[in-house]
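Reader: I'm new to this one, and I'd like a close look at a single part of it. Could you pick one residue and walk me through its surroundings?

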Amino acid sequence: MITYKINVADKLKREIEQAIEDKVDEIVDGEQFTIIHNGMAILGTRSENIVEIEQIIEKVL
């Protein structure tokens, strides 16, 4: 299950879910993570079966 602390457009939610789905097993419970997707940094935390997206940085230099 993926939850969001921020407002995210539905299209972007689907993209994030697809990007995280492949990598979720690599994220340790309680660990913070960052995924780079389409030039954006997606920051979040995993807590048991819940992945919480905390911030999206739209421009990474």
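Author: Let's take Ile27, which sits in the loop between α1 (10-21) and β2 (32-37). Keep in mind that this is a predicted model. Is Ile27 buried or exposed? Its relative accessible area is 7%, and because buried means under 20%, Ile27 counts as buried.

So what does Ile27 touch, once you skip its neighbours within four places in sequence? Phe33 and Arg46 are in contact with Ile27. Thr45 is 18 residues from Ile27 along the chain, and the C-alpha atoms of the two are separated by 8.6 Å.

Phe33 is a good lead to follow. It belongs to the largest nonpolar core, a set of 13 residues. Phe33 is among the members that touch the most others, along with Val8, Leu12, Ile16, Ile20, Ile53 and Ile56. At least two residues of this core come from each of α1, β2, β3 (40-47) and β4 (50-57). Take Leu12: leaving out residues up to four places away in sequence, Leu12 touches Met40 and Ile56.

Now for the strands. Four of them make an open sheet, in the order β1-β4-β3-β2, with mixed pairing. β2 and β1 (2-4) are the edge strands, each pairing on one side only. From one strand to the next, the twist averages 35°. Over at the β1 edge, β1 runs parallel to β4, and three bridges join the pair. There, Ile2 stands opposite Val51 in β4.

Key: Residues are numbered from 1 along each chain as its sequence is written. This is a predicted model: local features need pLDDT of at least 70, side-chain atom pairs count only at pLDDT 80 or more; totals for chains, interfaces and linings use all residues. Side-chain values use heavy atoms; hydrogens and water are left out. Helices (H or I, at least four residues) and strands (E, at least two) are DSSP runs, numbered from the N terminus. Buried means under 20% relative accessible area, exposed over 50%, partly exposed in between (1.4 Å probe, protein chains only). Contact means heavy atoms within 4.5 Å. A nonpolar core is a set of buried Ala, Val, Leu, Ile, Met, Phe, Trp, Tyr and Cys residues joined through side-chain atoms within 4.5 Å. Two strands pair if DSSP finds at least two bridges between them. Axes are lines fitted to C-alpha atoms, for helices over the stretch in contact, and angles run from 0 to 180 degrees between N-to-C directions.
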